[in-house]
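Dear colleague,

Please find below the structure that I am handing over to you, with its sequence. My findings follow directly after it.

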Amino acid sequence: MAGCLGGSGSDADVNIIAVSGEGELVQDLVNDYVEDDTDLSIDVTIFPYANLYERVSSVLTTGGTGYDAILMDDTWFPQFATYLDPLEQWLPDGLPEEQLIDTTVDITTWPTPGAPTVPSAEGMEETIRGQVVVGNAQMFVYNTSYYEEVGESEPGTWDDVLRAGQNIDDEVGDANGYVIRGQRGNPANTNFMSIGWSNLGDMFNDDWEYQWDTSEGEDAVSFFVEDLKSISPDGVGSFNSDQVLNRIGDGSAAQGMAWPAAASTLLNDDTAEADNLEFIPIPEGDEQQAPMQGNWLLGINTNVSEGRKEDAGTVIQSIISKEAQNRYVELGGVPFRHDTFEDNMDAQPWFEALYESLQNAKPRPRTPLWNEIDVTQGEYLNSALTGDMSPSEVVSETKSEAESILENAGY
């Protein structure tokens with residue numbers, strides 16, 4: 001019955017709904033520190049990613065009160081932000097903004113600062129409605145041994161990546177110079193977006209007009225689907241994360257993009273090239289350095305009672321505290337506070353790259369329609385990778401379909 005009503009069935013003081021993986025780390029932190037710190041009983045209910053969105057949507061949009069705090073993917077936030085209570089009023093000690101990386105505050109603010117405003121948020125005051133608890137951002141990984149072999153130093157730009165990759169592809173036996181994650185839809189677009197942002201700036205202007213349908217946009221797509229593809233393994237149009245990690249890990253590919261979870265995987269004892277892998281921020285393009293932001297956010301369900309909101313705020317205050325975050329790092333968590341990084345920079349070989357990446361990370365366009373646009377551009381990019389579309393067709397067709405999606409929704 002509780003499940004049908006969007007409830008957890010728990011009589012804990014605070015019920016949290018979370019995703020498997022990140023959610024287990026939150027559960028560990030709750031058990032190890034937060035329950036003792038708050039003197040509250042806390043239940044963390046875990047769902048696989050594929051099921052969590054449906055459950056979160058059901059709870060929030062139907063007035064469900066079974067979960068007091070919601071852990072959600074940042075791409076869901078534009079859809080559910082107004083179902084989350086303004087956060088700061090429920091934090092006993094306020095938000096420690098001086099220790100929070102600016103991008104992690106902006107991504108939990110609705111409407112999002114500096115981003116085009118969706119029609120439903122026009123006229124709304126910018127309000128913090130959640131808190132990042134997983135400081136994910138894209139990073140870049142390269143094989144230092146291969147770079148040394150061809151006389152290249154650490155890449156700072158995408159041009160450096162291509163040049164070094166071409167040299168490795170030509171001179172290092174059995175190794176490709178790069179590996180694209182090119183599977184149709186979200187994987188291909190996720191792998192492309194930082195290249196697009198870094199060379200072209202924002203995808204949409206303030207009026208939600210697609211800005212990448214230009215000769216420069218065609219060049220950026222060409223760089224991805226032609227130049228990088230030319231030094232990638234055959235068949236990258238079907239590659240997802242596992243194939244990318246396998247190629248980098250076994251040394252059959254020299255470099256590519258990696259999220260924090262992938263970094264941990266690549267550096268484990270079973271990875272052949274672990275000792276040769278170096279993690280750095282995403283390379284710069286003509287415009288900027290633009291790693292993709294991929295945070296998980298924790299917010300308070302606006303449907304629950306004030307008493308439960310107070311308890312949920314107390315729990316979130318504890319989770320984001322310096323003491324809890326130091327313990328979170330020991331448990332394997334990905335931080336988001338300045339002082340946590342500064343005190344624990346040696347905890348992971350990739351923390352320095354992640355910390356720098358978070359300073360200028362870009363959130364995906366802040367619209368509830370992003371998933372649809374994401375898949376659309378990713379399908380066209382995949383078609384270009386497999387030779388069925390040209391770069392000019394990719395940007396022109398994406399513009400047409402993305403603006404149609406937005407216009408049909410009243411943008």
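Proline 111 sits in the loop that runs between β4 (109–110) and β5 (127–128). The peptide bond joining tryptophan 110 to proline 111 is cis, with omega at about -10°. Please bear in mind throughout that this is a predicted model.

Two aspartates also deserve a note on their backbone. Aspartate 39, in the loop between α1 and β2 (42–47), has a positive phi near 60° although the residue is not a glycine. Aspartate 174, found in the loop between α6 (158–171) and α7, likewise has a positive phi, of about 65°. Aspartate 39 has a relative accessible area of 70% and aspartate 174 one of 78%; because the cut-off for exposed is over 50%, both residues count as exposed.

Turning to the pockets, the largest encloses about 1000 Å³ of space. Its lining comprises 40 residues, and those nearest the centre are Glu22, Asn136, Trp259, Ala261 and Trp296. Among the elements that give two or more residues to this lining are α1 (22–38), α7 (186–200), β8 (255–258) and α15 (370–385). Helix α10 provides the largest share, namely five residues. By class, the lining holds 19 nonpolar, 16 polar and five charged residues.

The second largest pocket has a volume of about 350 Å³. It is lined by 21 residues, of which Gly114, Ala115, Asp202, Lys362 and Pro363 are the closest to its centre. Helix α4 (residues 102–106) gives the largest share of this lining, three residues. The lining consists of ten nonpolar, five polar and six charged residues.

As to the interior, the largest nonpolar core has 132 residues; Val56, Met72, Trp158, Tyr178, Phe224, Leu228 and Phe279 touch the most other members. Beyond its neighbours within four places in sequence, tryptophan 158 is in contact with residues including Phe140, Tyr178, Phe223, Met257 and Ile282.

Is glutamine 255, a residue of strand β8, buried or exposed? Its relative accessibility is 0%, and the cut-off for buried is under 20%, so glutamine 255 counts as buried. A polar atom of the glutamine 255 side chain lies 3.1 Å from the backbone oxygen of valine 161. Leaving aside neighbours within four places in sequence, the contacts of glutamine 255 include Phe140, Tyr147, Val161, Gly177, Tyr178 and Ile248.

With kind regards

Methods:
Residues numbered from 1 in each chain as written. Predicted model: local features only at pLDDT ≥ 70, side-chain atom pairs only at ≥ 80, totals over all residues. Heavy atoms only, no water. Core = buried A, V, L, I, M, F, W, Y, C linked by side-chain atoms within 4.5 Å. Buried < 20%, exposed > 50% of the residue type's maximum accessible area, 1.4 Å probe, protein only. Contact = heavy atoms within 4.5 Å. 1 Å grid on protein atoms, 1.4 Å probe; cavity = no way out; pocket = protein on both sides within 12 Å on 5 of 7 lines; lining within 4 Å. Points joined across faces, edges and corners; volume = space filled by probe spheres on them. Helix = DSSP H or I, 4+ residues; strand = E, 2+ residues; numbered from the N terminus. Nonpolar A, V, L, I, M, F, W, Y, C, P; charged D, E, K, R; others polar. Polar contact = N/O pair within 3.5 Å; in protein donor to acceptor, adjacent residues only side chain to side chain.
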